[in-house]
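Colleague: I should like to learn how to read a protein model feature by feature. Could you take me through one, giving the general idea before each case?

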Amino acid sequence: MANHLFDLIRSTITDPNRLFMESSDGAHMSYGALMEETGRYANALAALGIKPGDRVAVQLEKSPAVIFIYLACVRIGAVFLPLNTGYTLNELDYFISDSGAALVICDPQAEAGLAEIAKRHNTLLETHGRDQSGSLYQKAASAPAHFADVMRGPHDLAAILYTSGTTGRSKGAMLSHDNLASNALALVQTWHFTPNDVLIHALPVFHTHGLFVATNVTLMAGSSLIFLPKFDAKLVLAYLNRASVLMGVPTFYTRLLDEAGLDREATAKMRLFISGSAPLLADTHREWSKRTGHAILERYGMTETNMNTSNPYDGDRVPGTVGMPLPGVEARIVDPETGTVLPQGDIGMIEVKGPNVFKGYWNMPDKTKAEFRHDGFFITGDLGQIDERGYLSIVGRGKDLIISGGLNIYPKEVEEEIDALEGVVESAVIGLPHPDFGEGVVAVIVREKDATLNDNAVMAGLDGRLARFKLPKRIFFVDELPRNTMGKVQKNLLRDSYKHLRFN
Ligand code: AMP
């Protein structure tokens, strides 16, 4: 029987003894054992009555079991629904009710809190601990290893991932077997993955980056993982001499740069450093090259689309850009209002089309319709521009665009100028309501330790570098910028913190 995604994964297993995963506790798992383990979980889920198309919601601390449950869902044709471990009971209530999940799997400590919610929504509840405990662990441990995969076509759903959504309710992005399979294959090809690769996996597994990019690429290439419970700069540094690839968010790289031991010798065995999920500062890129001799490869993607673009493997990896569309993916820049394709070099809305792009938002046909053009392009919500060599740069989220006195200001342009000033670590530029201009530019800056930089020095540094209407009307200094678990600066929180600001 054909199961679109799992057949592809299976097809890479030429030697069942080959290593799939090494955990930080030293445990090793071969591909053959992975097949058996996912077969056990598939049998356990099927015995609970989970049928093809059922949603299986999972809120578990990172452990190999999350990967086994994800793959078991693929094998039984269920829809895997990972949930951020930070979500509260109130949020879980919404996700369980919105998705109509048939089963929720949580850590044993969370069971008491979730029991009432599960009961109210008529959802089964199972537990799974990191330490081989919990009701689902027990069921899987005693289930048979053989499982005949359920037939699933390319367009059947494999997963629903709720977007982090900074406005309104979070939306469930429906991802098909082929969305995941085609993207993993494109990335294996683009990033030259082979069975010899060893990937350090320190990302969360409830998000597309750690769950799909890191895991599916490894599986499709028959490579292996060093699976760490979370990012720890010292631990990752220690593993660099045994691995070949690191995938990370930009904060991985800034934290590793703070480690004195990070140098050419420590990274000599590594083949590739990949960054994504949030903008990598051009400065970090350059500093990394100087310290290690490796150019970080930056790529761009999102929950709804998997990965869209990547800097080249061979060829220039240009700091501050996210490269070109992946094989099979199209990207264009359009006028956000009219949808007209803009001339090369202009800034506008990034739209993408390809086998990577999701099937729509779960239970939200109107929202889905509003975010696709008639010719099938998805409106990403990100603003960007494409240079004469075809490299895409992201200038920010559309909703972060500042309109002051009727003029558009792209925060990134102002942030780059501020970041280039002596004594600045990083900055975030936001727009706040202004009585005359509609919005006024506000800069929130993190200074280097001991830097004496003040408002006047910033304004003096920006003088002549930016048109006057783009200059900050107010400047705040903070110890750090608010970030989510994927390292993204949360501008909505910043706007909220300063919402009572009065411009004078
Ligand atoms: P998520 O759905 O959580 O993966 O967030 C996707 C969003 O992250 C995109 O729409 C972009 O705004 C941002 N993003 C992802 N990769 C990059 C990148 N390399 N540079 C800048 N922003 C990025």
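Modeller: The turns that follow go from the overall form to one helix, then to the enclosed and open spaces, and last to single residues. Please keep in mind that this is a predicted model.

Colleague: Let us begin with the whole. How many helices and strands does the protein have?

Modeller: A count of secondary structure is a useful start. Here the protein has 15 helices and 24 strands. The extent of the C-alpha trace comes next: along the principal axes it spans about 70 × 55 × 45 Å.

Colleague: What does the radius of gyration add to this?

Modeller: The value is set beside the one expected for a compact globule. For 504 residues that expectation is near 23 Å, and the protein has 23 Å, so the two agree.

Colleague: What share of the residues is buried, and how should I read the contacts along the chain?

Modeller: Burial is judged from relative accessible area, with under 20% counting as buried. By that cut-off, 56% of the 504 residues are buried. For contacts, one takes pairs at least 6 apart in sequence and asks how many are much further apart along the chain; in this protein, 67% of them join residues at least 24 apart.

Colleague: Let us turn to one helix. Which residues of α5 are buried?

Modeller: One reads a helix by asking where its buried residues point. Helix α5 covers residues 111-120, and L114, I117 and A118 are buried in it. Viewed down the axis of α5, these buried residues fall within an arc of 100 degrees, and therefore they line one face of the helix.

Colleague: What lies on the face turned away, and what covers the buried side?

Modeller: The face of α5 turned away from the buried side carries A112 and K119, both exposed. The cover over the buried residues of α5 includes α4 (89-99), β5 (103-106) and β6 (124-127).

Colleague: Where does the chain go just after α5, and what is the phi of N122 there?

Modeller: A positive phi is worth noting in a residue that is not a glycine. N122 is such a residue, with phi near 60 degrees, and its place is in the loop between α5 and β6. With 71% relative accessibility, N122 counts as exposed.

Colleague: Now the enclosed spaces. How many cavities of 30 Å³ or more are there?

Modeller: For a cavity, one asks for the volume, the lining and the class of the lining residues. The count is two cavities of 30 Å³ or more. The largest cavity holds about 50 Å³ of space, and α7 (177-190), α8 (208-221) and β14 (306-310) each give at least two residues to its lining. The largest share, five residues, comes from α8.

Colleague: How does the lining of the largest cavity divide by class?

Modeller: It has seven nonpolar, four polar and no charged residues. Among the lining residues of the largest cavity is N306. N306 lies in strand β14 and has a positive phi of about 55 degrees although it is not a glycine. At 2% relative accessibility, N306 counts as buried.

Colleague: And which residues line the second largest cavity?

Modeller: They are V58, L60, V66, P82, L83, V205 and F206. This cavity has a volume of about 40 Å³, and its lining divides into seven nonpolar, no polar and no charged residues.

Colleague: How is a pocket read, with the second largest pocket as the case?

Modeller: A pocket is open, but the questions are those asked of a cavity. The second largest pocket has about 540 Å³ of space. It is lined by 25 residues, of which S23, D25, P64, R130 and Q132 are the closest to its centre. The largest share of the lining, five residues, comes from α2. By class, the lining has 12 nonpolar, seven polar and six charged residues.

Colleague: To finish, how is a single buried residue read?

Modeller: One gives its place, its accessibility and its contacts. S275 is found in strand β12 (residues 272-275) and counts as buried at 0% relative accessibility. Leaving aside neighbours within four places in sequence, S275 is in contact with residues including G248, Y253, L280 and R299. T267 lies in the loop between α10 (250-257) and β12, and T267 also counts as buried, at 0% relative accessibility.

Conventions: Residues are numbered from 1 along each chain as its sequence is written. This is a predicted model: local features need pLDDT of at least 70, side-chain atom pairs count only at pLDDT 80 or more; totals for chains, interfaces and linings use all residues. Side-chain values use heavy atoms; hydrogens and water are left out. On a 1 Å grid over the protein atoms alone, a cavity is a set of points where a 1.4 Å probe fits but cannot get out, and a pocket is an open set with protein on both sides within 12 Å along at least five of seven lines; lining residues have an atom within 4 Å of a point. Grid points are joined across faces, edges and corners, and a volume is the space filled by probe spheres set on the points. Helices (H or I, at least four residues) and strands (E, at least two) are DSSP runs, numbered from the N terminus. Ala, Val, Leu, Ile, Met, Phe, Trp, Tyr, Cys and Pro count as nonpolar, Asp, Glu, Lys and Arg as charged, and the others, Gly among them, as polar. Buried means under 20% relative accessible area, exposed over 50%, partly exposed in between (1.4 Å probe, protein chains only). The arc is that of the directions from the helix axis to the C-beta atoms. Contact means heavy atoms within 4.5 Å. The radius of gyration is taken over C-alpha atoms; the globule rule is 2.2 Å times the number of residues to the power 0.38.
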